[in-house]
Structures are given as structure tokens and as C-alpha cells.
Amino acid sequence: MKKSIKIDYSKVLGFVPQSTIDGYATPAMECMKQLENGTGKGNDFLGWLHLPSSVSAELLQSIKQTAKVLQENCEVVVVAGIGGSYLGARAVIEALSDSFVALKERQAGVPSIVYAGHNISEDYLFELQSFLKSKKFGVINISKSGTTTETAMAFRLLKKQCEEQRGKEMAKKVIVAITDASKGAARTTADKEGYTSYIIPDNVGGRYSVLTPVGLLPIAIAGFDIDNIIQGAKEMECICASQSFAENPALTYAAVRNALYAEKKNIEILVNYHPKLAYFMEWWKQLYGESEGKENKGIFPSSVNFSTDLHSMGQWIQEGERTIFETVLSIEETNRELRVPSDEENLDGLNFLAGKRVDEVNKMAELGTQIAHVDGGVPNIRISVPQLNEFYLGQLIYFFEKACGISGYLLGVNPFDQPGVEAYKKNMFALLNKPGYEKESAAIQERLK
Ligand code: PA5
């Protein structure tokens, strides 16, 4: 059996005693039962819970087939989506890609992946269209509702450009839609144009959808092994079903972070020591922020990339307001090996490192930081990940999803809705005079007088 991710909360115990954490074991178990039995809040959005063990071989085969069509016909693929409709794919693709992939010559048969539909920046969209001008490109239009303005507007621009540049027939081949089975403009367009399309199951919310075609198709196009992601997630589904508090990392993580929150540790900082994980942090922030931040409750999820940010945020973390705790993603084995060379003159005084792996230095930075931050009053949870590959990313994704469901229930909120996201949209539509928003338009104009 392969290794698996492990959680270590020993460096929390100086802040919250083991007996307090043990007090969360039974409620956490109850919350897990509610998830499993579908008796908790938001129980019509639990489709993600058994996705890894239930995804069909036919669906995975079809995704790989579609990925091949795009790989054979595109130099660049634009993944258009926002929030849960793009962060999971980007998190995995960036974690697995060479750090300089964008600057290197493209590997034959693997298109470059770029992103759109996640902002409304005119400069970004203009520059994207300029970049695509001489390229054979395709588009994956990802939107569960099929009506999200950011994504819909980007797709309108890209569809037109693709058809003009590549012709209507080729555009049909290289545009794929991932959306609802029947509702929304993305579905209407896909059906009318005859695009290849995939369905986002009704019972899987955006931020829990990375293990559906939403994440799997872009990841496969980028050249990564989606079977291994599912395999890792499936193994974690099994581990996180355990009734034993100590052996179930999802139960443990959910309990420990709620115990810390009760001690007024209101901010959780997810920490990595490998810059490739920067977008994984973004995915995690959305998962926890959108799931728990409601009813005036919820830990504020934030992130830092160490050691880079030790030179910017390190001071605050060491000595600022003591309302934070850290969760460190610690990668046990790097994928590459590099040693520090020795230097006869030793002008930089670094010969004490000569012959050491760069990762050993990184690991000592990690340990030194943990000791310093714990001494400075910052509880530390450590999640160790055996290696950065598809299998363990699959494990990590499922672990965080399951823990988030349990943690949200422990907090007493519905971790599967996001009512607060509508507020800005309503105002934006009113300000843009969208039909149907006449009353809101009048009211907002009055307020702006
Ligand atoms: O998690 C969520 O539900 C959201 O982040 C959505 O994914 C995001 O708002 C995009 O919505 P849609 O997929 O409908 O375009």
C-alpha cells in the first residue's frame, strides 16, 4: 500500500489541551454521520462525497478522449471559469507543472494552458486576445450556472475569435462546454453549436467539483494522469470514512481547527514551502472561505508562500496580533535533486551547506520557522504529503473537502451554499441596467446621489 498524507497537531497542544480536542471527537463524528446519512444542512449538495469511488471508467475514458482531440488540435487551451469552476484545475496543473513551463518550448502534444473568465479586466482580456492571435487555440467553457458574467463575457469574446481564426467547423471541435445538464446559457449555446459537453452534477457545488470534468478535463489536457488523481482521492475517501478519530485525518483537522477557533484563533494561514503550491492555496481558501464564512462566523482562511513570505509577512506572523494559527503543507520528498556546490574561496561563507540537498536547507527553514512561530504564540498543524504528484494531490483534495464538510457542520453553518456571493452581483447588474433589475437600479442611483 502506498503512503498517505498525515496530520500532526502536536504543536497545537501548548495552546489547546488534548482533553479539549478529544471533546470535539464525538461531535465531529456526529457531523460526519450527518454527511454520510445526508441529514445535515445543504444535503442536496453531497454528490462530491463518494465521487472518487463512483466515477465511471467510461467518463474517465471520454475525458481522456476529448483531451486528446484538444491536444492534437491546439497549441493553447483557454480554461474559462471562475471560483470553483477554475481554481481546482489551476491548483493541480500548477502544482504538477515545471515552474518555467510558460517560458520553455512547448512539449509536443501538450497545449499551453491559460485562464480567462476569472476577472473583468479589460487589459487582461485584450492582452489574452492579442496573445491568441497567431495561435491555434481551443476553449473550455466551465460554468455550472452557465450565466456567470465574468466567464460568459470572456467566452463571448473567445468564441468569436476562435470561429474567426479557426473557422466554424474547427471551432466546434476545439470548444468544449462543462455546465448544467439543461439550465443556463452555456448549455443552450453548447447544444445549439454542437460542442462536446460534460455535465456538472446537480448535487456537486462549484468548490467541490474538481474531481468532476470541471477539474479533470483541463488537467488531462495539460498532460497529467487523471486516473492517479482519482486513485489517490479514492484511497483518501476510504481513510476518511474511518470511525476512529485518531486515524481519520478529516475528523482530526475539523476538530482541531474548531477547537482553535473557540480559543479566538480566528485566522488560519495555510503555508507552503514550494511556490508551485500557490494556486493550491487559492483553491483551499475558496473551499473554506465560501463554505464557512456565514452567519457572522467562520475562520478567515489566508495563505503564505514560505520562505518567500517570511521576508514580508514573517514579522506579522511572529509578533502581530495573536489570533492566528498555521497549517503547513509539508512535502516530504521533492521530485528533483540538487546539491549546494562547494566553493574553494567560500567568499559567500556558504561552505557549511556544501554537499547538502537544497531541500534539506528548505526543511530546516521549515522546522526553524515552526519552532519560532510556536514560541511566538502561533499554534501549528502540519500536514505531511509524501510527494507532489497526481496521487497525493488526489488525496489532499478529498481530505480537505471531507474535513470542510465536517468542520462547517461543527461550526453550525451550511458548508454547501454561498448566499453572500449574490450581493455584489445584484448591485453590479443594477448599475449596468440589466433587464429585470429596474427597481434595484432606481434604488442604487438614489443611494449614489
Ligand atoms: O463554489 C462555487 O459555487 C462558486 O465559486 C462558483 O463555482 C463560481 O461562482 C462560478 O459559478 P459558475 O460555475 O456557476 O459559473
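Helix 10 is followed by G223, and the phi of G223 is positive, near 95°. That is our way in. Before the exercises, some ground rules: this is a predicted model, where local features need pLDDT of at least 70, side-chain atom pairs count only at pLDDT 80 or more, and totals for chains, interfaces and linings use all residues. Residues are numbered from 1 along each chain as its sequence is written, and side-chain values use heavy atoms, with hydrogens and water left out.

**Exercise 1. Work out how well helix 10 is covered.**

Step 1: find the element. Helix 10 takes in residues 213–221 (helices are DSSP runs of H or I with at least four residues, strands are runs of E with at least two, and both are numbered from the N terminus).

Step 2: sort its residues. Use these classes: buried is under 20% relative accessible area, exposed is over 50%, and partly exposed is in between, with a 1.4 Å probe and protein chains only. The buried residues of helix 10 are P213, V214, G215, L216, L217, P218, I219, A220 and I221.

Step 3: conclude. Because 9 of the 9 residues are buried, helix 10 is largely enclosed by the rest of the structure.

**Exercise 2. Place strand 5 among its partners, and say which way its side chains point.**

Step 1: check the cover. Strand 5 spans residues 175–179, and 5 of its 5 residues are buried.

Step 2: split the side chains. I175, A177 and T179 point one way, V176 and I178 point the other way, and all are buried. This fits the usual pattern: in a regular strand the side chains alternate between the two faces of the sheet.

Step 3: look for partners (two strands pair if DSSP finds at least two bridges between them). Strand 4 (residues 137–143) runs parallel to strand 5, joined by 5 bridges; here I142 stands opposite I178. Strand 6 (residues 196–199) also pairs with strand 5 in the parallel sense, over 4 bridges, and V176 stands opposite T196.

**Exercise 3. Do the same for strand 7, then follow I269.**

Step 1: strand 7 (residues 267–272) is mostly covered, with 5 of its 6 residues buried.

Step 2: its parallel partner is strand 8 (residues 300–305), held through 6 bridges.

Step 3: I269 sits in strand 7 and has S302 of strand 8 as its bridge partner. I269 counts as buried because its relative accessibility is 6%.

Step 4: try a long distance. I269 and L132 are 137 residues apart along the chain, and their C-alpha atoms are separated by 37 Å.

**Exercise 4. Go through some salt bridges and ask how covered the partners are: buried or exposed?**

Step 1: apply the rule (a side-chain nitrogen of Lys or Arg within 4 Å of a carboxyl oxygen of Asp or Glu). The count comes to 26 salt bridges.

Step 2: take K3 and E332, whose closest N and O atoms are 3.5 Å apart. This pair links distant parts of the chain, since K3 is in the segment before strand 1 (6–11) and E332 is in strand 9, 329 residues apart. E332 is partly exposed at 30% relative accessibility.

Step 3: K104 meets D98 at 2.8 Å, N to O. K104 is partly exposed at 48%, and D98 is partly exposed at 26%.

Step 4: K183 and D180 meet at 3.7 Å, N to O. K183 is exposed at 51%, whereas D180 is buried at 4%.

Step 5: finish with a network, which links K159, E163, K168 and E193 through salt bridges.

**Exercise 5. Find a negative patch and a nonpolar patch on the surface.**

Step 1: set the rule. Patch residues have over 30% relative accessible area and no salt bridge; like charges are joined within 9 Å, and nonpolar side chains (Val, Leu, Ile, Met, Phe, Trp, Tyr) within 5 Å.

Step 2: the negative patch consists of D343, E344, E345 and D348. D343 is in the loop between strand 9 (324–333) and helix 15 (358–375), and is partly exposed at 37%. E345 lies in that loop between strand 9 and helix 15 and is exposed at 62%.

Step 3: M364, L367 and I371 make a nonpolar patch of about 290 Å². L367 is found in helix 15 and is partly exposed at 42%.

Conventions
Accessible areas come from the Shrake-Rupley method with a 1.4 Å probe; for residues, only the protein chains shown count as cover. Lys and Arg count as positive and Asp and Glu as negative; His and the chain ends are not counted. The place of a charge is taken as NZ of Lys, CZ of Arg, CG of Asp or CD of Glu.
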